[in-house]
Amino acid sequence: AQPASRPIQIKNESGKRAEIYWVDPNGQMIKQTSSFLVNGQTLELNSYVNHTFLIKEFLAEEPDECKADPPKYKSPTRSPLCKPPSEAYITVNDNDDQLIHILKDMEVETEDSQSKSREIATSITSTCQEKVKEMDPTQILDAFVKCAQPLVVNELHEAHKESKEQAMMREQIGGQWEEYSSVEAAAVPSLHKATVADGAGGSELVKSRKALQAGVRVPWEREEDGNPIAAVSRRLYDYVNDATGFNIEESGQEEIMSIQYEGRGIDDPEPDRYRPHCDGQCDGLLFRPSGRVATMVMYCEAPSKGGATNFRNVGVHIVPEAGTAAFFSYLGSDMVTDNRLTEHSCCPVLEGDKKIAVQWLRMGVDEKNPWNSFNTLGVKYSETLDQ
Ligand SMILES: O=C(O)CCC(=O)C(=O)O
Ligand SMILES: [Fe+2]
């Protein structure tokens with residue numbers, strides 16, 4: 001029989017970087033992370049009951065002083081960096097909502113539906129035990145029931161409410177997805193070959209980016225009539241400002257970019273892709289106003305092979321799923337831009353099409369100073385003429 005599937009989450013709270021391997025039935029280790037999980041990162045896996053994973057501390061290349069140590073000789077002054085990586089094994093159990101915490105030295109702790117229920121039950125019993133412990137023995141049982149019953153009822157009621165709320169949320173997300181697809185349809189008449197900034201203030205057609213793209217203007221004037229593109233955009237700005245505190249307004253911003261990559265099979269020598277790049281300034285220097293500060297990538301159609309959005313410098317690899325989105329910002333509260341941590345790429349799209357809607361967000365633009373009144377170096381066109 002097929003083993004029962006169990007989605008699991010593995011959260012790295014070790015303070016170190018961690019690699020995750022699936023131990024297949026033949027004992028082979030199959031890596032689940034493209035590089036490693038950074039501290040604070042969570043990996044979601046579709047797994048099965050009784051499947052085993054190895055969690056291993058990720059060590060950068062062995063320092064030279066370790067290699068210099070003669071084999072089998074353990075020097076007492078050997079650097080602690082030379083110690084073998086810590087590791088632990090976990091096996092997926094039968095319970096729902098398994099969340100595996102990777103703690104210090106790769107120790108693991110599993111939280112799941114059963115452990116949570118047990119915790120609640122223990123808390124109820126100990127609260128009520130405490131209440132009745134001084135009572136006359138003939139009253140204890142009654143008093144205990146009186147104490148515990150409302151607490152149990154309350155817990156069951158909350159659990160029921162939560163599952164109802166989750167069902168509502170699923171419905172809402174389904175509705176949002178329909179709105180994403182309208183961006184894609186609006187782009188069809190004006191699709192053209194993608195370009196990038198050329199470093200001289202303009203843009204050029206380059207090989208690093210192979211895809212079709214088209215700008216889609218957000219019809220804000222139709223927001224009140226429930227225009228779906230305006231509705232998605234409003235939610236996008238609300239989210240962005242909530243997440244970053246940037247207070248970005250829609251006027252003067254770039255259009256939404258609809259980008260469509262075509263998968264022409266795994267043997268295609270020049271598949272559609274987008275090589276590693278930053279969307280805005282990512283040189284670790286003070287931000288130049290009017291530049292891009294954040295990106296929202298909305299996945300409209302997911303390819304069946306390839307096409308992940310990969311952040312190679314931080315080991316984050318996003319496999320597109322239609323109806324979801326990825327958001328990242330590259331400006332700190334100190335107004336200093338990120339130093340290449342948000343560099344990313346679109347991996348070669350091999351099979352099936354990938355369609356995304358991207359909103360690049362700028363800071364320092366408004367109705368009077370729209371994004372296209374600056375060249376790609378952030379210099380206003382009227383100022384370039386004066387030089
Ligand atoms: O295709 C992707 O996943 C990323 C696209 C991207 O990096 C961009 O449009 O700037
Ligand atoms: Fe990008």
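**Exercise 1. Which residues surround ligand 1?**

Before we start, a word on the model: it is predicted, local features need pLDDT of at least 70, side-chain atom pairs count only at pLDDT 80 or more, and totals for chains, interfaces and linings use all residues. Residues are numbered from 1 along each chain as its sequence is written, while chains are lettered from A and ligands numbered from 1 in the order in which they are written.

*Step 1.* Look for residues whose C-beta atom, placed from the backbone, lies within 6 Å of the molecule. This gives Ile259, Tyr274, Asp279, Val297, Thr309, His344, Cys346, Ile356 and Val358.

*Step 2.* Map them onto the elements (DSSP runs numbered from the N terminus: helices are H or I of at least four residues, strands E of at least two). Two or more residues of the shell come from each of β21 (344-346) and β23 (354-362).

*Step 3.* Sort by character, with Ala, Val, Leu, Ile, Met, Phe, Trp, Tyr, Cys and Pro as nonpolar, Asp, Glu, Lys and Arg as charged, and the others, Gly among them, as polar. The shell holds six nonpolar, two polar and one charged residue.

**Exercise 2. Find the strands at the edges of the five-strand open sheet.**

*Step 1.* Write down the order, counting strands as paired if DSSP finds at least two bridges between them: β12-β15-β21-β18-β19, with antiparallel pairing.

*Step 2.* β12 (209-210) and β19 (316-318) each have a single partner strand, so one side of each lacks a neighbour in the sheet.

*Step 3.* Check one pair: β18 (residues 309-311) and β19 run antiparallel and are joined by three bridges. Asparagine 310 has histidine 317 in β19 as its bridge partner.

**Exercise 3. Test the span of α4 and find its buried face.**

*Step 1.* The expected span is 1.5 Å times one less than the number of residues. For the 17 residues of α4 that is 24 Å, in agreement with end C-alpha atoms 24 Å apart.

*Step 2.* Call a residue buried if 20 or more other C-beta atoms, placed from the backbone, lie within 10 Å of its own, exposed if 12 or fewer, and partly exposed in between. Ile229, Val232, Ser233, Leu236 and Val240 of α4 are buried.

*Step 3.* Taking directions from the helix axis to the C-beta atoms, the buried residues of α4 fall within an arc of 95 degrees, so they line one face. The face turned away from them carries the exposed Arg235, Asp238 and Asp242.
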